[in-house]
Amino acid sequence: MESPSLSLSNLEMLEDYDPDSMPVGQARQLIRQFLAPLSEVEIVPLHIAYQRTLAADVHSPMNVPPHNYSAMDGYAVRHADLRTAPSSLKLVGSSFAGHAFGGQVVAGECVRIMTGALIPAGCDSVVMQEHVRANGDRVEIGDGQRLGQNIRLAGEDVVKGALVLAHGHVIRAAEMGLLASLGIGEISAYRKLKIAIFSTGDELRQPGTPLAAGQIYDSNRFTLIGLLTELGADIIDLGNIRDDKDSIRATLLQAAARSDVIITSGGVSVGEADYIKQLLAEIGEVVFWKIAMKPGRPLAYGKIGQCHFFGLPGNPVAVMVTFLQFVRDALRVLMGQDPKPSFTLQALCTSSIRKAPGRTEFQRGILSQDAEGRWLVQTTGEQGSGILSSMVKANCFIVLALEQGNVEAGKVVQVQMF
Ligand code: AMP
Ligand code: MG
């Protein structure tokens, strides 16, 4: 496994390192270099393996299907018997799914067979029942039957020994079914990533409690719980912490001792109550980036001991954007996955967009198709970084490149699907 090639202290040696305006792509690559997958692996029973990452390749212990089966309801025959049309065969038994015909079929004989039933010994083809006239124990078969037809051959889905799922693959519904079809009841998986989260801010209150003037509800922690649940992480929720240096320090130290990753929101800019950067420098190592992007300019990354730290901005939309653009793939690497760039497409933008060059913008968009099947995208409207309803309305980001200026309606833009 690749080990991280950068240390936090030699960042300045990189060419083009501008911590005050780091392009999105460069920040992504940089974070990647500090990350290595978890080393602990465990055996997980298949029924609770959803979202787990494979820690080893899986080869098939068997052929799928394991034997030759009928793909139709009809009659199992010996193709060599079908030289005359119609041919008349003697019905000698039946083969049902789970109840095979035990005997040997010889020349001039056939067997009634159902979909999913084992092909009887001696037979090589299945004739659909629609092509057959049956009368007592005589069966007349029409012409045009091909040798081997309507048989699912042993190994046609998966051949014994074949690589079915590679190391780093994430287990979802199809994978669970596939593994079960191979008789595999447990997998070797990376252990779950333990992620501690907390919000910072004196103004924050827990939903379900009353709000005084000047207070707002802590929404970021809930957004993060959702995002982390989608990734299958173990979440350690440390609540919201006051803008008090000692409280934040104590919470960070406590979190670092029991988790692989800490994610906070708020307190990473340069306001008087923004302590995250100072504290990270004091108790760990800090890489603090002002990323040339909107929303989400300030993003702290660093380590406290062995624990990775991501300090996200406070604005609710910025939390989601920075998580989706940087943190999610970083977590996937720690989980043992090899994240691929997210799926993008070109769409005709039906809104005009104001955009200043010099930063990448992630506007919230609604992607649709017109009657001709062309992709159209419109913005969700007001794009303030506190307007979380824009993330609910949106199904994609409209990604406007660093040097892009205003966009006129009718121009083609790049869209990144959620
Ligand atoms: P900060 O980065 O701490 O200055 O926060 C920037 C903005 O985001 C401020 O308006 C905060 O009130 C708001 N904010 C910070 N944390 C949260 C949170 N957990 N939930 C909702 N809004 C927040
Ligand atoms: Mg704050």
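In this predicted model, Arg249 is partly exposed, with a relative accessible area of 21%, a value just outside the buried class because that class ends under 20%. Its side chain meets that of Glu282 in a salt bridge, with an N to O distance of 2.6 Å. Arg249 belongs to helix α4 (residues 245-258) and Glu282 to helix α5 (residues 276-283), so the pair ties together parts of the chain that are 33 residues apart in sequence. Glu282 is likewise partly exposed, at 44% relative accessibility.

The count of salt bridges comes to 13. Another of these joins the side chains of Arg52 and Glu42, at 2.4 Å from N to O. Arg52 is located in the loop between β1 (41-45) and β2 (58-59), whereas Glu42 is in strand β1; the two residues are ten apart, and the pair links distant parts of the chain. The partners differ in accessibility class: Arg52 counts as buried because its relative accessibility is 8%, while Glu42, with a relative accessible area of 32%, is partly exposed.

A salt bridge is also formed between Arg359 and Glu361, whose closest N and O atoms are 3.1 Å apart. Here the arginine is the partly exposed partner, Arg359 having a relative accessible area of 28%, and Glu361 is buried, at 3% relative accessibility. In addition, a network of salt bridges links Arg32, Asp338 and Lys340. Side chains of opposite charge can pair when their charged atoms come close.

Pockets were examined next. Rolling a probe the size of a water molecule over the atoms shows where empty space is left. The largest pocket holds about 860 Å³ of space. It is lined by 38 residues, of which Leu324, Arg328, Asp329, Arg332 and Ser342 are the closest to its centre. Helix α6 gives the most to this lining, with nine residues. At least two lining residues each come from α1 (24-33), α3 (220-231), α6 (316-334), β23 (360-369), β25 (396-400) and β26 (412-417). By class, the lining of the largest pocket comprises 19 nonpolar, eleven polar and eight charged residues. Because domain 1 (8-40 + 191-334) and domain 4 (344-417) both contribute to the lining, the largest pocket lies between these two domains.

The second largest pocket has a volume of about 450 Å³. Among its 31 lining residues, Gly266, Pro313, Gly314, Asn315 and Pro316 are the closest to the centre. Strands β13 (194-200), β15 (216-217) and β19 (293-294), together with α6, each supply at least two residues of this lining. Helix α6 thus supplies residues to the lining of the largest pocket and to that of the second largest. The lining of the second largest pocket divides into eleven nonpolar, 13 polar and seven charged residues.

Ser352 was considered separately. This residue is found in the loop between β22 (344-349) and β23. With a relative accessible area of 56%, Ser352 is exposed, since the exposed class covers values over 50%. When residues up to four places away in sequence are not counted, Ser352 touches Val407, Glu408 and Ala409. Ser352 and Tyr190 are separated by 162 residues in sequence and by 46 Å in space, C-alpha to C-alpha.

Conventions. Residues are numbered from 1 along each chain as its sequence is written. Chains are lettered from A and ligands numbered from 1 in the order in which they are written. This is a predicted model: local features need pLDDT of at least 70, side-chain atom pairs count only at pLDDT 80 or more; totals for chains, interfaces and linings use all residues. Side-chain values use heavy atoms; hydrogens and water are left out. On a 1 Å grid over the protein atoms alone, a cavity is a set of points where a 1.4 Å probe fits but cannot get out, and a pocket is an open set with protein on both sides within 12 Å along at least five of seven lines; lining residues have an atom within 4 Å of a point. Grid points are joined across faces, edges and corners, and a volume is the space filled by probe spheres set on the points. Helices (H or I, at least four residues) and strands (E, at least two) are DSSP runs, numbered from the N terminus. Ala, Val, Leu, Ile, Met, Phe, Trp, Tyr, Cys and Pro count as nonpolar, Asp, Glu, Lys and Arg as charged, and the others, Gly among them, as polar. Domain bounds come from an automatic or database domain assignment. Buried means under 20% relative accessible area, exposed over 50%, partly exposed in between (1.4 Å probe, protein chains only). Contact means heavy atoms within 4.5 Å. A salt bridge is a side-chain nitrogen of Lys or Arg within 4 Å of a carboxyl oxygen of Asp or Glu.
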